[in-house]
Each structure stands twice: as C-alpha cells, then as structure tokens.
Amino acid sequence: MTYVVTDACIRCKYMDCVEVCPVDCFYEGENMLVINPSECIDCGVCEPECPAEAILPDTESGLEQWLELNAKYSAEWPNLTSKKDSPADADEFKGEDGKFEKYFSPEPGTGD
C-alpha cells in the first residue's frame, strides 16, 4: 500500500505533508504535489497534515488514476524535502470540484 495525492491538492499545494514525511517521497509540480509510490513507506503521517484532504491511502476505491498519476509525475518532477509557502490564493481553491480538468499542469515545480 501507498498514499496518493489527489486533485484536491491542485492550486492549493499547502505542503504541510512534506514537512512530516520521513522518507522524502514528495515531488513538486507547478501546481500540485505527488507521492512516489515506490518510496512511500505507508506510515500515514502525511494524510492528517493535509488541510485540503488531498492525501488518501491507495486502498480506497476509485484511486487507480491517482496512483498512476503519482507514479508518472514523481519520476518527472523534482523532489521536495522541505515545506515552502503555499500559493497566496490556495484557500480560494480548497474544496473546489473538477480541479484536474480545470487546472492541472504537467509542468514541474522547482523542488528543493
């Protein structure tokens, strides 16, 4: 099992999860984070830290597309090991539906 980041992270990108991850398995895209499923040790400490509730265990149904997206982009985006400031407008996007179709960007973030 692993944890995955879902579209609830898009445009929010709070990064509280990065601070608590003991294995540095988060990778930064332009407007969201992903978890490398091969590196995640299933400790679960990141899940309750996410204000957007964007991190879920891959055992929940319907998360197959998010597991694939996390695996794909964690191989392409830079590693992130320390918390940065969230976007200034993050709270405006928290809880919005359909964020993947509206806002997802495959572009990498800056990482560490």
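This is a conversation between a trainee and a mentor about a predicted model.

Trainee: Let's start with the loop between β1 and α1, where K13 is found. What makes K13 buried or exposed?

Mentor: Buried means under 20% relative accessible area. K13 has 6%, so K13 is buried.

Trainee: What does the side chain of K13 reach?

Mentor: It reaches the backbone oxygen of G29 at 2.9 Å. The backbone oxygen of E30 also lies 3.1 Å from a polar atom of the K13 side chain. The cut-off for a polar contact is 3.5 Å between N or O atoms, and both distances meet it. Leaving aside neighbours within four places in sequence, K13 is in contact with E28, G29, E30, N31, M32, L33, S86 and P87.

Trainee: P87 is on that list. Why is P87 called partly exposed?

Mentor: The label covers values between the 20% and 50% limits. P87 has a relative accessible area of 31%, so partly exposed is the right term. This residue sits in the loop between β5 and α3, and its contacts, neighbours within four places aside, are R11, C12 and K13.

Trainee: Back in the loop between β1 and α1, there is M15. What is unusual to note about the phi of M15?

Mentor: M15 has a positive phi of about 75 degrees although it is not a glycine. At 3% relative accessibility, against a limit of 20%, M15 counts as buried.

Trainee: And how does D24 fare, buried, exposed or partly exposed?

Mentor: D24, in the loop between α1 and β2, also has a positive phi, about 55 degrees, without being a glycine. Its relative accessible area is 32%, so D24 is partly exposed.

Trainee: Now the sheet. How do you know which strands are at its edges?

Mentor: The open sheet has 3 strands in the order β3-β2-β5, with antiparallel pairing. β3 and β5 (79-80) each pair on one side only, and that makes them the edge strands.

Trainee: What makes β2 and β3 a pair?

Mentor: Pairing requires at least two bridges. There are 3 bridges joining β2 to β3, so the requirement is met. The two strands run antiparallel, and F26 stands opposite I35 in β3. Helix α2 packs on this sheet, touching β2 and β3, and its direction makes about 100 degrees with that of β3.

Trainee: How do you know that the buried residues of α2 line one face?

Mentor: The buried residues of this helix, residues 64-74, are W66, L69, N70, Y73 and S74. Seen down the axis of α2, they fall within an arc of 115 degrees, so they line one face. An α-helix has 3.6 residues a turn, so residues three or four places apart point the same way. On the face turned away from the buried side are the exposed residues E64 and E68.

Trainee: What do the buried residues of α2 pack against?

Mentor: They pack against β1 (3-5), β2 (26-28), β3 (33-35) and α4 (99-103).

Trainee: Which residues touch the most other members of the largest nonpolar core?

Mentor: This core has 33 residues, and V5, F26, M32, L33, I35 and I55 touch the most other members. At least two residues each come from β1, α1 (16-20), β2, β3, α2 and α3 (90-93). F26 has contacts beyond its neighbours within four places in sequence, among them V5, L33, I35 and I55.

Trainee: What makes N36 buried or exposed?

Mentor: Its relative accessible area is 12%, under the 20% limit, so N36 is buried. N36 is found in the loop between β3 and β4 (55-57), where its side chain reaches the backbone nitrogen of S38 at 2.8 Å. Neighbours within four places aside, N36 is in contact with C25, Y27 and S74.

Trainee: To finish, how do you know whether F93 is buried or exposed?

Mentor: F93, in helix α3, has a relative accessible area of 10%, so F93 is buried. Not counting residues up to four places away, F93 touches I10, R11, C12, K99 and Y103. From E68, F93 is 25 residues away in sequence and 23 Å away in space, C-alpha to C-alpha.

Note on methods: Residues are numbered from 1 along each chain as its sequence is written. This is a predicted model: local features need pLDDT of at least 70, side-chain atom pairs count only at pLDDT 80 or more; totals for chains, interfaces and linings use all residues. Side-chain values use heavy atoms; hydrogens and water are left out. Buried means under 20% relative accessible area, exposed over 50%, partly exposed in between (1.4 Å probe, protein chains only). Helices (H or I, at least four residues) and strands (E, at least two) are DSSP runs, numbered from the N terminus. The arc is that of the directions from the helix axis to the C-beta atoms. Contact means heavy atoms within 4.5 Å. A polar contact is a pair of N or O atoms within 3.5 Å; within protein, one must be able to donate a hydrogen and the other to accept it, and residues adjacent in sequence count only if both atoms are side-chain atoms. A nonpolar core is a set of buried Ala, Val, Leu, Ile, Met, Phe, Trp, Tyr and Cys residues joined through side-chain atoms within 4.5 Å. Axes are lines fitted to C-alpha atoms, for helices over the stretch in contact, and angles run from 0 to 180 degrees between N-to-C directions.
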